[in-house]
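Me: I would like to go through a structure with you. Please keep the answers plain, and I will follow up as needed.

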Amino acid sequence: MRELSKISIVNRRSFLVSAAAVAGLTPLLVHAATTSSLTLDRSPKFEEDFAKLVGGATPVEGKITVDLPEIAENGNFVPITISVDSPMTDADYVRAIHLLSTANPVAHVATFRLSPLNAVARVQSRMRLAKTQDVVTLAELSSGQMLIATTLVKVTIGGCAS
Amino acid sequence: MTANPRIKLPDTAKVGDVIEVKTLITHVMETGNRHDKDGKLIPRDIINTFVAKFGDKQVFRAELGPGISANPYISFQMRVPGPGVFEFAWTDDHGVTTTATAPLKVA
């Protein structure tokens, strides 16, 4: 009995502490949903593919808008829209958009190749997400500059071995 | 296993308009990471490349991995240079290419 009451006290205390932490962190978490989450593990495959795609460039945040659900109920079928703020002229356009998963068995999900003929850098598809993770989008510009966006998606039922 | 390509274009467009081109094709997009009932690995079978041309000019290309959902849906934008015909090609892991064409009506 003593043991039990001890446990319940600890639980209550840790609950209060975590509740306070969550309350304090809420603005941060909201921010994380749209930009990045630094707490989730990233697969070695992701690091490998990411390094290959980025090459010598230093990716800069911004100018990419990624529409993904905050919570994906079905990881087999997650709609995604990627837009890059670019004039899409011969002098300045998005050459490619790379889509990467940080926790799928295969990290490189897709590469979309664009040109000034597109006029608007906006693509849509549907992706698989094995579990809750960051989705990383890279945009390769004609100047050689690389843009990056990180989007956290919470997955309820994982996409099977995607 | 690749079948039934579907294309959605605006009914009509004007020269200079930016239009959305929506494409969909029926395909299992087997990841190569799943096992069958007997525990045998099901070999990977996906559409790995999608190319869109408008009047012989490539306007869009996508290289896909197993992280793209079954029945891959892809949409992109294009500025209308004039009347013409779209030509789409989906290529799978067996090297089989399925094509579809769609005329764009320009008012």
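Me: To start, which residues does A:Ile97 touch, leaving out those up to four places away in sequence?
Reply: This is a predicted model. In it, A:Ile97 touches A:Ile82, A:Val84, A:Phe112, A:Leu114, A:Val123, A:Thr137 and A:Ala139, when residues up to four places away in sequence are not counted.

Me: And which residues touch the most other members of the largest nonpolar core?
Reply: They are A:Val94 and A:Ile97, in a core of 56 residues. Strand β9 of chain A, residues 146–157, gives the most to this core, with 6 residues.

Me: A:Ile82 and A:Val123 were both on that list. What is the bridge partner of A:Ile82 in β7(A)?
Reply: The partner is A:Val123. The strands concerned are β4 (residues 78–84) and β7 of chain A, which run antiparallel and are joined by 7 bridges.

Me: Why is β7 of chain A described as largely enclosed?
Reply: Strand β7 covers residues 121–127, and 5 of its 7 residues are buried, so the rest of the structure largely encloses it.

Me: Stepping back, how many helices and strands does chain A have?
Reply: Chain A has 2 helices and 9 strands. Along the sequence the pattern is α-α-β-β-β-β-β-β-β-β-β. Of its 162 residues, 35% are buried. Among contacts in chain A with a separation of 6 or more, 71% are between residues 24 or more positions apart.

Me: Now the interface. How many residues does each chain give to the contact?
Reply: Chain B gives 24 residues and chain A gives 27. On the chain B side, the elements that give two or more residues are β4 (57–64) and β5 (73–79). The residues on that side divide into 12 nonpolar, 7 polar and 5 charged.

Me: Which strand of chain A is joined to β4(B) by bridges?
Reply: Strand β6 of chain A, residues 108–113, is joined to β4(B) by 4 bridges, and the two run antiparallel. Within this pairing, A:Ala110 has B:Leu64 as its bridge partner.

Me: Different topic: backbone angles. What is phi for B:Asn71?
Reply: Phi of B:Asn71 is near 55°, which is positive although the residue is not glycine. B:Asn71 is found in the loop between β4 and β5 of chain B. B:Asn71 has 17 other C-beta atoms within 10 Å and is partly exposed.

Me: What about A:Lys63, and where is it found?
Reply: A:Lys63 is in the loop between β1 (60–61) and β2 (64–67) of chain A. A:Lys63 has a positive phi of about 70° and is not a glycine. With 17 C-beta neighbours inside 10 Å, A:Lys63 counts as partly exposed.

Definitions and conventions: Residues are numbered from 1 along each chain as its sequence is written. Chains are lettered from A and ligands numbered from 1 in the order in which they are written. This is a predicted model: local features need pLDDT of at least 70, side-chain atom pairs count only at pLDDT 80 or more; totals for chains, interfaces and linings use all residues. A residue is buried if 20 or more other C-beta atoms lie within 10 Å of its own, exposed if 12 or fewer, and partly exposed in between; C-beta atoms are placed from the backbone. Two residues are in contact if their C-beta atoms, placed from the backbone, lie within 7 Å. Ala, Val, Leu, Ile, Met, Phe, Trp, Tyr, Cys and Pro count as nonpolar, Asp, Glu, Lys and Arg as charged, and the others, Gly among them, as polar. Two strands pair if DSSP finds at least two bridges between them. A nonpolar core is a set of buried Ala, Val, Leu, Ile, Met, Phe, Trp, Tyr and Cys residues joined through C-beta atoms within 7 Å.
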